[in-house]
Amino acid sequence: MTRKGIAAVRPPLRSPWMTDLPGPGDDAAHMATALEEARVAVAHEDVPIGAVVVRSGEVIARARNRREAEHDPTGHAEVLALREAGKHVSSWRLAECALYVTLEPCVMCAGALMHARVGRVVYGAPDPKTGACGSVVNLFAEARLNHHARVDGGVLSEACAGVLREFFASRRD
């Protein structure tokens with residue numbers, strides 16, 4: 001089954017912690033917070049991608065891309081937000097959390113999300129070049145892997161894609 005050209009991901013088995021995950025009604029507000037982080041990245045000459053981690057309706061971590069600023073190939077917004085969230089909850093296990101990110105996670109970030117046991121992943125714009133939630137590959141649908149988060153894409157997709165388009169257009173001028 002597909003939705004908007006992206007392979008649908010089967011939701012994980014129902015667990016008690018999933019009742020605390022943000023629902024679709026909260027998605028636009030949390031993605032708007034991630035977009036704020038993306039816009040900060042522009043000011044620091046980094047690709048404008050932002051991420052937030054939400055637990056029980058509260059943003060517990062927020063990050064932006066810092067690859068250029070830190071000269072760090074792992075400085076993706078998702079990875080940095082997961083690190084901050086882990087410190088906040090004093091655990092690497094983030095099963096009761098949802099991560100919102102402005103661009104579909106890459107393979108590295110999808111792997112980090114799986115290892116952190118994040119319960120839900122919500123992204124804005126699809127990434128046709130490196131997206132690992134259905135655009136290029138779909139790691140969350142791979143039955144042989146041990147963790148399967150609920151994945152929803154396309155939240156504020158035009159705004160998320162627009163920030164990226166403006167950033168790269170300004171680099172070409």
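This report looks at strand β6 and helix α1 in a predicted model.

## Strand β6 and its neighbours

Let us start with β6, which spans residues 120-125. The strand is mostly covered, with six of its six residues buried.

Two strands pair with β6, and we can take them in turn. Strand β5 (residues 97-103) runs parallel to β6, and five bridges link the two. In this pairing, Ala98 stands opposite Arg120 of β6. Strand β7 (residues 150-153) also pairs with β6 in the parallel sense, here over four bridges. Across that pairing, Val121 faces Val151 in β7.

## The link from β5 to β6

Helix α4 (residues 107-115) joins β5 and β6 in a β-α-β unit. What is the handedness of this unit? The unit formed by β5, α4 and β6 is right-handed.

## Helix α1

Now to α1, a helix of 17 residues covering 27-43. From its first C-alpha to its last, α1 reaches 25 Å, close to the 24 Å expected at 1.5 Å a residue. Just after the helix comes Glu45, with a positive phi near 65°.

Which residues of α1 are buried? They are Asp27, His30, Met31, Thr33, Ala34, Leu35, Glu37, Ala38 and Ala41. An α-helix has 3.6 residues a turn, so residues three or four places apart point the same way.

And what do the buried residues of α1 pack against? Their partners are the strands β3 (50-55), β4 (58-64), β5 and β6, together with helix α5 (157-172). This brings us back to β6, the strand whose six residues are buried.

Key
Residues numbered from 1 in each chain as written. Predicted model: local features only at pLDDT ≥ 70, side-chain atom pairs only at ≥ 80, totals over all residues. Heavy atoms only, no water. Buried < 20%, exposed > 50% of the residue type's maximum accessible area, 1.4 Å probe, protein only. Pairing = 2+ DSSP bridges. Right-handed = clockwise from strand over helix to strand, strands pointing away. Expected span 1.5 Å × (residues − 1). Contact = heavy atoms within 4.5 Å.
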